[in-house]
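Reader: I have a structure to look over before I set anything up. Can we go through it by question and answer?

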Amino acid sequence: MADLPREGRLARSPEFTQLIDMASESVGGKILFATDDFFAPAENLLKSDSPRFRERDDTEFGTQTDGWETRRKRVPGHDWCVIKLGVPGIIRGFDVDISYFTGGYAPRISIQAANLEEGKEPEMPPRGLRTGAAATAEELAAAAELKSSDWDHLVPMTELRPGTPASGHNYFLVSSLQRWTHLRLNIFPDGGIARLRVHGTGQKDWTATDPKEPSDLVAIACGGACVGFSNAHFGHPNKLIGVGPPKSVADGWETARRPDRPPILQNDENGVLLVTGCEWAVFRLAHPGVITQIEIDTKYFEGKSPDSCKLDGCILTTQEEEDMIRHKWDLPGHRWKPLLPVTKLSPNESHTFDSLTPELQDVITHARLTISPDGGVSRLRLKGFPSSICLLRPREKPTMRFSVKAGFRCNL
């Protein structure tokens with residue numbers, strides 16, 4: 001069972017909101033079941049965009065709202081829905097958003113979770129168009145097989161705070177370190193919720209990885225995370241390691257313009273700008289390993305991509321990472337090993353480079369992307385082999401043998 005006394009506390013500084021929304025429709029999250037969708041279907045909970053005000057959007061079932069809204073309950077019980085996460089993993093916090101549900105929001109909620117084995121969940125009837133509908137007897141029977149009322153509570157029954165009409169965020173910090181695949185959102189007794197954001201990091205089963213195929217070791221869906229950066233004025237670096245291709249210029253890391261740029265810019269003999277300033281972001285890999293290929297994508301950053309970049313890696317214990325975070329990543333230069341030298345970038349283009357790591361035979365746990373002088377990057381992919389799998393690679397490559405320093409904890 002989850003640690004109930006530590007769960008469900010309102011978070012005053014929700015840094016977890018910078019992490020991926022594991023339930024969003026954009027990463028494959030979906031509604032499996034809802035007791036009622038009379039005014040608006042539960043699928044609206046998982047929309048990737050922010051809720052919008054709809055002025056008198058009347059239908060035959062009443063005014064439609066941008067969220068999940070059930071009818072006013074006149075029978076015993078309460079309403080609830082079941083969500084399958086698009087990215088299974090560790091949940092760090094929830095954002096229960098009731099924006100624009102003035103006079104109609106659910107007064108109380110609770111959230112339960114389960115880790116169901118892939119392929120072992122009962123088959124649920126297709127949802128189809130739901131507005132104006134309640135769960136059928138067939139759907140109720142299928143949902144009962146999930147036994148979701150027995151799932152662990154991550155947020156106990158808690159009253160929601162309405163906030164302002166346009167900003168009704170209710171944040172809940174989660175301290176459980178278990179892996180979760182499904183959620184049950186309970187509302188008491190009925191009402192509406194605009195969005196449910198489930199922020200956290202993915203967790204991959206590395207033992208099931210094909211040892212002959214490289215994996216993206218920094219992907220947030222697998223457990224990668226940004227643990228430090230110099231500037232994120234227009235977009236957080238966690239977006240760099242997000243799920244799928246970039247969707248827009250807002251789906252990437254973008255810094256402010258550096259004010260210390262020279263008044264008149266000049267290039268060196270390689271065409272790289274001669275500037276002293278730069279911006280950087282440090283990432284903890286989802287699993288320590290060897291990086292063999294680097295992908296840097298500047299899609300959508302036309303007119304504001306960096307001039308150049310470089311990538312370095314290092315291996316740190318959990319304690320060393322914590323020390324570096326406190327010291328704002330003032331890590332001695334000799335600890336960083338080059339993965340990619342200073343390289344010119346082009347705007348709105350995907351770049352693929354071979355890493356220097358195979359020659360260096362270095363396992364790394366952290367990577368630092370440095371861009372010069374500033375600008376935006378949409379995606380960073382670090383393809384390679386988890387350290388525990390490197391020993392299983394074909395014998396025709398005897399130089400690819402690696403080890404991890406003592407004291408490193410895999411699940412950081």
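Author: What follows is a short round of questions on confidence, fold, pockets and backbone.

Reader: What is the mean pLDDT of the protein?
Author: This is a predicted model, so confidence comes first. In the protein, 87% of the residues reach a pLDDT of 70 or more. The mean pLDDT is 87.

Reader: Over which residues is the pLDDT below 50?
Author: Two stretches can be named. Beyond near neighbours in sequence, one has 15 contacts in the model, and another has 41. The stretch with 15 contacts is residues 1-7. The stretch with 41 contacts is residues 389-412.

Reader: How many helices and strands does the protein have?
Author: The chain holds 412 residues, and 52% of them count as buried. Its elements are four helices and 23 strands.

Reader: What share of the contacts with a separation of 6 or more comes from residues 24 or more positions apart?
Author: One pair shows such a separation: T131 and A40 are 91 residues apart in sequence. For the protein, residues 24 or more positions apart account for this share of those contacts: 81%.

Reader: How far apart in space are T131 and A40?
Author: T131 sits in the loop between β8 (108-114) and α1 (137-144). Its relative accessible area is 29%, between the 20% and 50% cut-offs, so T131 is partly exposed. From C-alpha to C-alpha, T131 and A40 are apart by 5.4 Å.

Reader: What is the volume of the second largest pocket?
Author: Its lining comprises 28 residues. L19, D21, S48, K239 and D251 lie nearest its centre. The volume of this pocket is about 780 Å³.

Reader: Which element gives the largest share of the lining of the second largest pocket?
Author: The elements that give two or more residues to this lining are β2 (20-21), β7 (79-97) and β13 (195-202). The largest share is three residues. Those three come from β13.

Reader: How do the residues of that pocket lining divide into nonpolar, polar and charged?
Author: Take the lining of the second largest pocket by class. Seven of its residues are nonpolar. The others are 11 polar and 10 charged.

Reader: How many cavities of 30 Å³ or more are there, and how much space lies in the largest?
Author: The count comes to one cavity of 30 Å³ or more. The space in the largest cavity is about 40 Å³.

Reader: Which strand gives the largest share of the lining of the largest cavity?
Author: The lining consists of L32, F33, A34, P125, R127, R130 and E139. By class, four are nonpolar, none polar and three charged. The largest share is three residues, and it comes from strand β3 (residues 30-34).

Reader: Is C309 buried or exposed, and what of C314?
Author: The cut-off for buried is under 20% relative accessible area. C309 is at 2%, and C314 is also at 2%. Both values fall under the cut-off, so C309 and C314 are buried.

Reader: How many disulfides does a search of the whole structure find?
Author: A disulfide needs two cysteine sulfur atoms within 2.5 Å. The number found in the whole structure is zero.

Reader: Which prolines are joined by a cis peptide bond to the residue before?
Author: Most peptide bonds are trans. The bond between F188 and P189 is cis, with omega about -10°, and P189 lies in the loop between β11 (180-188) and β12 (192-193). The bond from S372 is also cis, with omega near -10°, and it leads to a residue in the loop between β21 (364-372) and β22 (376-377). The two prolines are P189 and P373.

Reader: What is the phi of Y300?
Author: Most residues other than glycine have a negative phi. Y300 is in the loop between β17 (279-297) and β18 (308-314). At 35% relative accessible area, Y300 is partly exposed. Its phi is positive, about 75°.

Reader: Is W329, with its positive phi, buried or exposed?
Author: W329 has a phi near 60°. Its place is the loop between α2 (318-326) and β19 (337-344). Its relative accessible area is 8%, under the 20% cut-off, so W329 is buried.

Definitions and conventions
Residues numbered from 1 in each chain as written. Predicted model: local features only at pLDDT ≥ 70, side-chain atom pairs only at ≥ 80, totals over all residues. Heavy atoms only, no water. 1 Å grid on protein atoms, 1.4 Å probe; cavity = no way out; pocket = protein on both sides within 12 Å on 5 of 7 lines; lining within 4 Å. Points joined across faces, edges and corners; volume = space filled by probe spheres on them. Nonpolar A, V, L, I, M, F, W, Y, C, P; charged D, E, K, R; others polar. Buried < 20%, exposed > 50% of the residue type's maximum accessible area, 1.4 Å probe, protein only. pLDDT = per-residue confidence, 0-100. Contact = heavy atoms within 4.5 Å.
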